[in-house]
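Q: I would like a close look at one part of this chain, and then at how the rest is put together. Please keep it brisk.

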Amino acid sequence: MNGDFFLQTGVLCLVSAIGGAINSVAGGGTLLTFPALIAALGGTAEAAVWANATSTVALFPGSLAGMAGYRRELMTARPWIKVLLWPSLAGGLIGAFLLMVLPAESFRKLIPWLLLTAAALFWLQPRLSRRLAAKAGAAAQGGETAPPPQRVALVALFQLFVAIYGGYFGAGIGILMLTALGMMGLSDIHQMNGLKTLFGSAINGVAVVVFAGSGKVEWTLATAMALAAILGGYVGARVARRLDRNLVRHAVVLIGVALGAYYLQKTYG
């Protein structure tokens, strides 16, 4: 190990801490850790696969910590857990497996589109939140009814595809899961966030198992970044009330668009 290694690890830990803090405030930490790891690991197509796997492992402990914060809400959401947990696990497994078996060059060509898609999803999230709030008000006035079986089956299928995307790349799956939960008729935003965090942890958990078994995780970096992300998430949660979430979200979206444009030019230019 030399000075360059320690400098590189220090920079990655700083990025991971910022990513963990952003996840605790607005989401989107992957948009920082993933490109930073690509650069650190060499910028090749194979490095992109390693970067994605390492980033998922590094941020996974933080998602578990977030899930613990929603214990109370999850206790009252067991029927929804029974419906959507299995598609989450199956889809995460499929997506992670696809990342490992498909040519690395295919993933490299998808990177700009994945980054731009994730940025667009984060940009749309406040609009969805307003719609969910309006839906909650209507449900409170008229009373909520259980969704029909056909809609439950459709949402379970939608969650499966969300989970496949999550296992393959992952950034932006939160907004997609909130959409699915809204389709199920849920209106309690705290319960929905708890379920989103649980299903996201399930998706990333099975992906971590696949990535670890594949041998495509840079464990030294992943371990250091995980500790930094947990610290960043803790600090971010403590200061979240002082921050303008919209400002943080706009910054994440701009970073995502800029990185997407950069990789678009680098890949196809």
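Which residue follows helix 2, and is its phi positive or negative?

A: The residue is G42. It comes after helix 2, and its phi is positive, near 120°. Keep in mind that this is a predicted model.

Start with helix 2 itself. It covers residues 30–40, and 8 of its 11 residues are buried, so the rest of the structure largely encloses this helix. The buried residues are T30, L31, L32, T33, F34, P35, L37 and I38. One of them, F34, also belongs to an aromatic cluster, where ring pairs link it with F107, Y165, Y168 and F169.

Now the aromatic pairs. The whole structure contains 4 of them. In one, F107 meets Y168: the ring centres are 5.4 Å apart and the planes lie at 80°, so this pair is edge-to-face. The pair joins distant parts of the chain, because F107 sits in helix 6 (residues 104–142) and Y168 in helix 7 (residues 149–168), 61 residues apart. Both partners are buried. F107 has a relative accessibility of 1%, and Y168 has 10%.

Next, the wider frame. The chain has 11 helices and 0 strands. Read from the N terminus, its elements run α-α-α-α-α-α-α-α-α-α-α. Of its 269 residues, 48% count as buried. Take the contacts with a separation of 6 or more: 83% of them join residues 24 or more positions apart. The accessible surface comes to about 13,100 Å², and carbon and sulfur atoms account for 67% of it.

Helix 5 is worth a stop. It spans residues 78–101 and includes V101. S88 lies in helix 5 too. These two residues differ in exposure. S88 is buried, at 0% relative accessibility, whereas V101 is partly exposed, with a relative accessible area of 47%. Leaving out residues up to four places away in sequence, S88 touches Q159, A163, F199, A202 and I203. V101 instead helps to make a nonpolar surface patch of about 410 Å². The other members of that patch are I94, F97, L98 and L102.

Then go to helix 11, which covers residues 245–268 and holds T267. T267 has a relative accessible area of 17%; buried means under 20%, so T267 counts as buried. Its contacts, apart from neighbours within four places in sequence, are R108, K109 and P112. T267 also shows how the chain brings distant positions together in space. T267 and I111 are 156 residues apart in sequence, yet their C-alpha atoms are 8.8 Å apart.

Last, confidence. The chain averages a pLDDT of 79, and 81% of the residues score at least 70. Among the helices, confidence is highest in helix 5, at a mean of 91, and lowest in helix 6, at 70. Where pLDDT is low, the predicted coordinates should not be read in detail.

To return to your question: helix 2 is followed by G42, with a positive phi near 120°. The helix before it is largely enclosed, with 8 of 11 residues buried.

Conventions:
Residues are numbered from 1 along each chain as its sequence is written. This is a predicted model: local features need pLDDT of at least 70, side-chain atom pairs count only at pLDDT 80 or more; totals for chains, interfaces and linings use all residues. Side-chain values use heavy atoms; hydrogens and water are left out. Patches are made of residues with over 30% relative accessible area and no salt bridge: like charges are joined within 9 Å, nonpolar side chains (Val, Leu, Ile, Met, Phe, Trp, Tyr) within 5 Å. Accessible areas come from the Shrake-Rupley method with a 1.4 Å probe; for residues, only the protein chains shown count as cover. A salt bridge is a side-chain nitrogen of Lys or Arg within 4 Å of a carboxyl oxygen of Asp or Glu. Helices (H or I, at least four residues) and strands (E, at least two) are DSSP runs, numbered from the N terminus. Buried means under 20% relative accessible area, exposed over 50%, partly exposed in between (1.4 Å probe, protein chains only). Contact means heavy atoms within 4.5 Å. Rings of Phe, Tyr and Trp (its six-membered ring) pair if their centres lie within 6.5 Å; planes under 30 degrees apart count as stacked, over 60 as edge-to-face and the rest as tilted. pLDDT is the predictor's confidence in each residue, from 0 to 100.
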